[in-house]
Amino acid sequence: LPLAGCPLRIKGKEKFVKGQTCIVVCNHNGLIDVPVTSPGIPGGNKTIAKIEMAKVPLFGMMYRTGSVLVDRKSEASRRESFVKMKEALDMGLHMCIYPEGTRNKSAEPLKSFHDGAFRLAMTTGKAIVPAIIFHSRTIMPAGKPFYMRPHPLAMHFLDPVAPAPEDTVESLKQKVFTLMRDYYVKGSR
């Protein structure tokens with residue numbers, strides 16, 4: 001990243017507790033987000049990725065190795081990916097999920113979140129560590145394939161959110177969404 005003119009500054013690595021795996025949820029504004037988060041998350045981790053990414057030359061090999069692949073059109077594949085995410089957590093790996101589901105191309109700070117990351121947290125009891133990536137949309141704007149503009153990147157990890165006994169998937173999702181949206185808006189000023 002520094003050689004491409006995109007140095008990365010990470011803030012909040014101390015939010016991770018040694019020996020405890022967690023579910024990292026990140027905003028998703030550009031294709032560069034996955035190459036930023038995978039090495040940026042302290043400790044071993046896997047990400048969830050759409051199966052189509054495995055077909056991309058060179059990057060496809062990395063996706064197959066470091067990701068839980070899912071065919072979003074297949075209910076069976078979605079169920080199987082949930083099992084594989086639990087297995088990754090059990091193996092001592094963090095699970096990185098983009099709850100928006102796909103890149104946010106809207107003018108809103110975040111798109112609405114899907115349930116998967118929050119259902120995984122409720123099922124496993126693992127804490128969620130929200131993460132905000134700043135400037136990936138500037139570096140790789142949607143609609144400009146094979147375009148990359150040099151610009152510094154930042155990734156900030158926020159305080160972990162552990163599922164409480166009174167939480168539901170919906171309440172946990174809303175709690176994390178509000179934290180991330182407010183932090184993103186404040187940090188973008």
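**Close-up views of a predicted model**

**View 1. Helix H4 against helix H6.** Phe-118, Arg-119, Ala-121 and Met-122 of H4 meet Val-169, Leu-172, Lys-173 and Val-176 of H6. By class, the residues of this contact are 6 nonpolar, no polar and 2 charged. The model shown here and in every view below is predicted. The axes of H4 and H6 come within 9 Å. They cross at roughly 120 degrees. H4 and H6 are therefore oblique to each other, since an angle between 115 and 145 degrees falls outside both the roughly perpendicular and the roughly antiparallel ranges. The crossing of H4 past H6 is right-handed.

**View 2. Helix H3 against helix H4.** From H3, the contact uses Phe-82, Met-85, Lys-86 and Leu-89. From H4, Gly-116, Arg-119, Leu-120, Thr-123 and Thr-124 take part. These residues divide into 4 nonpolar, 3 polar and 2 charged. The two helices pack with their axes 11 Å apart, at an angle of about 55 degrees. That angle makes H3 oblique to H4. H3 passes H4 in a right-handed crossing.

**View 3. Two neighbours in sequence on H4, Arg-119 and Leu-120.** Arg-119 sits in helix H4, and so does Leu-120. Arg-119 has a relative accessible area of 40%, so this residue is partly exposed. Leu-120 has a relative accessibility of 0% and therefore counts as buried. Leaving out residues up to four places away in sequence, Arg-119 touches Phe-82 and Val-169. With the same exclusion, Leu-120 touches Ile-23, Phe-82, Met-85, Lys-86, Leu-89, Met-95, Ile-97 and Gly-125. Two distances place this pair in the model. The C-alpha atoms of Arg-119 and Glu-52 are separated by 24 Å, and these residues are 67 apart along the chain. Leu-120 lies 29 Å from Leu-8, C-alpha to C-alpha, with their positions 112 residues apart in sequence.

**View 4. The largest nonpolar core.** This core holds 29 residues. Ile-23, Met-95 and Val-176 touch the most other members. Strands S2 (23-26), S4 (67-70), S5 (94-97) and S6 (128-134) each give two or more residues to the core. So do helices H3 (75-90), H4 (116-124) and H6 (169-188). H6 supplies the largest share, 5 residues. Apart from this core lies another, of 22 residues. Its members include Phe-16, Ile-32, Met-53 and Phe-157. In soluble globular proteins, nonpolar side chains tend to be buried together.

**View 5. The surroundings of Ile-23.** Neighbours within four places in sequence are left aside here. Ile-23 is in contact with Leu-89, Met-95 and Ile-97, among others. Other contacts of Ile-23 include Ala-117, Leu-120, Ala-121 and Thr-124. Lys-126, Ala-127, Ile-128 and Val-129 also touch Ile-23.

**View 6. Ile-51 in the loop after strand S3.** Ile-51 lies in the loop between strand S3 (45-50) and helix H2 (59-66). With a relative accessible area of 37%, Ile-51 is partly exposed. Not counting residues up to four places away in sequence, Ile-51 touches Leu-69, Val-70 and Asp-71. Ile-51 and Val-70 are 19 residues apart in sequence. In space, their C-alpha atoms are 5.2 Å apart.

**View 7. His-135 in the loop between S6 and H5.** His-135 lies in the loop that joins S6 to H5. Its phi is positive, about 85 degrees, although His-135 is not a glycine. The relative accessibility of His-135 is 37%, so this residue counts as partly exposed.

**View 8. Met-140 in the loop after helix H5.** Met-140 is placed in the loop between helix H5 (136-139) and strand S7 (153-157). Excluding neighbours within four places in sequence, Met-140 is in contact with Asn-29, Gly-30, Leu-31 and Ile-32. Met-140 also contacts Tyr-147 and Met-148. Ile-32 is one of the residues of the 22-residue core. Met-140 and Ile-128 are 12 residues apart in sequence. Their C-alpha atoms are 27 Å apart in space.

Key
Residues are numbered from 1 along each chain as its sequence is written. This is a predicted model: local features need pLDDT of at least 70, side-chain atom pairs count only at pLDDT 80 or more; totals for chains, interfaces and linings use all residues. Side-chain values use heavy atoms; hydrogens and water are left out. A nonpolar core is a set of buried Ala, Val, Leu, Ile, Met, Phe, Trp, Tyr and Cys residues joined through side-chain atoms within 4.5 Å. Buried means under 20% relative accessible area, exposed over 50%, partly exposed in between (1.4 Å probe, protein chains only). Helices (H or I, at least four residues) and strands (E, at least two) are DSSP runs, numbered from the N terminus. Contact means heavy atoms within 4.5 Å. Axes are lines fitted to C-alpha atoms, for helices over the stretch in contact, and angles run from 0 to 180 degrees between N-to-C directions. Angles under 35 degrees count as roughly parallel, over 145 as roughly antiparallel, 65 to 115 as roughly perpendicular and the rest as oblique. A crossing is left-handed if the near helix is turned anticlockwise from the far one by less than a right angle, and right-handed if clockwise. Ala, Val, Leu, Ile, Met, Phe, Trp, Tyr, Cys and Pro count as nonpolar, Asp, Glu, Lys and Arg as charged, and the others, Gly among them, as polar.
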